[in-house]
Amino acid sequence: MPHMRQRAFQKPKNVRVTLKFIWGFLKTKQIALITALLMVLLNIGASLGATAYLQPLIDTFLQPISGNPSIAERFAGLARGVVVLLCIHLIAVVASYVQTRIMIHVTQTSISNLRRDLFSHLQDLSVRYYDTHTHGEMMSRFSNDVDTLNDALANSLTALFSSVITLVGILTLMFSKSWILTLMTLAMTPLMFWIAGTIMKRSSKYFVAQQQNLGKVNGYVEEIISGQKVVKVFCRENNVLDSFDELNDALCDSATTAQCYSGLMMPIMMNTNTINYALIAMIGGLLVVFSNFSVGALVVFLQLARQFGRPINQASSQYNAIITAIAGAERIYEVMQEPAEPADPLDAADLTRKKQDFYWQTYEKNGNPAGLIPVNGNVRFEDVSFGYTEDKTILKHISLVAKPGQKVAFVGSTGAGKTTITNLLTRFYEISQGQITIDGLDIRSIKKDALRHSISMVLQDTHLFTGTVRENIRYGNPNATDQEVEAAAKLASAHSFIRRLPQGYDTVIEGDGANLSQGQRQLLNIARAAAANAPILILDEATSSVDTRTEQHIDRGLDRLMKGRTTFVIAHRLSTVRNSDIIMVLEQGEIIESGTHDDLLNAKGRYYQLYTGAAELD
């Protein structure tokens, strides 16, 4: 029996449900699948038929067991036989080619649909899901899990089916030729399985250790490459190299032991198979001499015995691949079962525009238009409480009013709930208690897309997409003209530096803006928010990651952007919120102080302590 490689894999928890999920993408290709399986049967039948056809050729023309054909008759018969063999093998080749092409089409179509549905579902998931799952975990669904399933559908599925049918066909032919020699072959099978099982059992822990050590090495390399500047600044190159050598040596040791055990499999199984083959040849030769067993039958049987271990080995190796693929499909299925954001009710208000003005389009219960309400940006929080989990409340009885055009700032320690307030306003999370209204409308009665279109956000973490500068600004408003894009850039104080770029607005940004400074990236973020031209603006630590001089430049763009908009500002630098209309001081999820900058300084409370340096933000 040929080589069987041991590898670690994760078993699925619910095979039946997962297979049903996979079948959901394959069932539209039932005719193609049936055709592919028929081609597999035709291929196996032709291959075994060609082997069986050797017996009449040998017994009739090479070693005649009856009659006395002339040399010419034997040569002509052999020539016809060779042509027949070529035709049979040609049928097998064509069947294999057709089956491969069909499975490629079925697999790629099904995987394409799976990727589309998975990506589409990810767009519908709530922010809560993204906050509780790492990016690497989600990316592994698209890379490792989808690719593993793709390989299994393209190769392993038909290979496993082919192996089982081939094994049944080989055993059937072997029994038809000689039940004695067949039993001898089968008698050696348990020994081969025992040898393989023993080696696999002993090597299993070393393969697991190899995978663990490989993960440590890859993780360490990624960590050091991403932090290379820090390594060089503190001259830690030698220490880093020593740590890598330690991890690399551990990987080398475990991999060497694992591969040694793995390398034993092939020679042991081949030699065991060769011993079995020699015994069959010896006993078969005796049957030819002392019984009516023909030379042709012996040759065919030896060919079948040589092939006997192949489908067993193939089935065992494909089994691991299929189980791994099912486990990967189960992880994809788990993501697909994550609940999407609830659909908006039929009477949910929408956002519409007339000329330059925004309106809330309200609807009746039956979906008929009810009326228009101007979007002024009058935001109210009324006794709002919220917790990310039921057992831990983050915000407690928050009440505030932001009038149209006002600038409301939130200050407080890390974890006080500042960003959570904006997450509730955008309905990234739903409130547990209380009510939030915009222009008198409960935000839960507004379509999510409409609500979010009415709000622009500038975040601390800038994110630019691969594309031109113009396309990145237009991301805030896909319908913006080139003139509107440039107007947004000018509003954000980004126009001057954009003009100095190699291709200006058509300069391609790659690597999340790696060729731009942090301040330039933030200015493009502000320009994107300006292009959206929404009546409500959220600035979440928009200038915390830049230097003071750059901050002053960015502030000029923000001041122009905030003009006429209801603005919520989250900031650690208190100097950036001095000119706010209202400053809310939060601690442990509660508003403990509110008022203007001067009012809070005169009150000599928490804000006064923070501003004067008597206390620090944690």
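**Cores, strands and a covered helix**

Helix α11 (residues 418-425) is mostly covered, with seven of its eight residues buried. The model discussed here is a predicted one.

User: Happy to start with that helix. Which residues of α11 are buried?

Analyst: Good place to begin! Helix α11 spans residues 418-425, and seven of its eight residues are buried. Those buried residues are Lys418, Thr420, Ile421, Thr422, Asn423, Leu424 and Leu425.

User: Let's take Thr422 from that helix. Does it count as buried or exposed?

Analyst: Thr422 lies in helix α11. Its relative accessibility is 2%, and the cut-off for buried is under 20%. Thr422 therefore counts as buried.

User: What does Thr422 touch, not counting residues up to four places away in sequence?

Analyst: Close by in sequence there is a polar partner to mention: the backbone oxygen of Thr419 lies 2.7 Å from a polar atom of the Thr422 side chain. Not counting residues up to four places away, the residues that Thr422 touches are Ile538 and Ile570.

User: Which residue just after α11 takes a positive phi?

Analyst: Helix α11 covers residues 418-425. Just after α11, a positive phi of about 60° is taken by Arg427.

User: Turning to the nonpolar side chains, which helix gives the most to the largest nonpolar core?

Analyst: Nonpolar side chains tend to be buried together in soluble globular proteins. The largest nonpolar core here has 41 residues, and Ile473, Ile498, Leu524 and Tyr607 touch the most other members. The helix that gives the most to this core, with seven residues, is α16 (residues 518-532).

User: And how many residues are in the other core, the one with Phe358 and Val375?

Analyst: This core lies apart from the largest one. Phe381 and Ile431 are also among its members, and its size is 36 residues.

User: Which residues does Ile473 touch, leaving out those up to four places away in sequence?

Analyst: Ile473 is one of the residues that touch the most other members of the largest core. Leaving out residues up to four places away, Ile473 touches Val485, Ala488, Ala489, Ile498, Tyr505, Leu524, Ala527, Arg528 and Ala531.

User: Now the strands. Why is one side of β1 and of β3 left without a neighbour in the sheet?

Analyst: Three strands form an open sheet in the order β1-β2-β3, with antiparallel pairing. Strands β1 (350-354) and β3 stand at the edges, so one side of each is without a neighbour because each has a single partner strand.

User: Which residue stands opposite Lys354 in β2?

Analyst: Strand β1 is joined to β2 (residues 357-363) by five bridges, and the two run antiparallel. Opposite Lys354 in β2 stands Asp357.

User: Which residue in the turn between β14 and β15 has a positive phi?

Analyst: Five bridges join the antiparallel strands β14 (residues 582-587) and β15 (residues 590-595), and Glu587 stands opposite Glu590. The two strands form a hairpin with two residues between them, and the turn residue with a positive phi of about 50° is Gln588.

User: How far apart in space are Asn378 and Ile582, C-alpha to C-alpha?

Analyst: Asn378 sits in the loop between β3 (369-374) and β4 (379-386), and is partly exposed at 24% relative accessible area. Beyond four places in sequence, the residues in contact with Asn378 are Val401, Ala402, Pro404, Thr437, Ile438 and Asp439. Asn378 and Ile582 are 204 residues apart in sequence, and their C-alpha distance is 14 Å.

Technical notes:
Residues numbered from 1 in each chain as written. Predicted model: local features only at pLDDT ≥ 70, side-chain atom pairs only at ≥ 80, totals over all residues. Heavy atoms only, no water. Helix = DSSP H or I, 4+ residues; strand = E, 2+ residues; numbered from the N terminus. Buried < 20%, exposed > 50% of the residue type's maximum accessible area, 1.4 Å probe, protein only. Contact = heavy atoms within 4.5 Å. Core = buried A, V, L, I, M, F, W, Y, C linked by side-chain atoms within 4.5 Å. Pairing = 2+ DSSP bridges. Polar contact = N/O pair within 3.5 Å; in protein donor to acceptor, adjacent residues only side chain to side chain.
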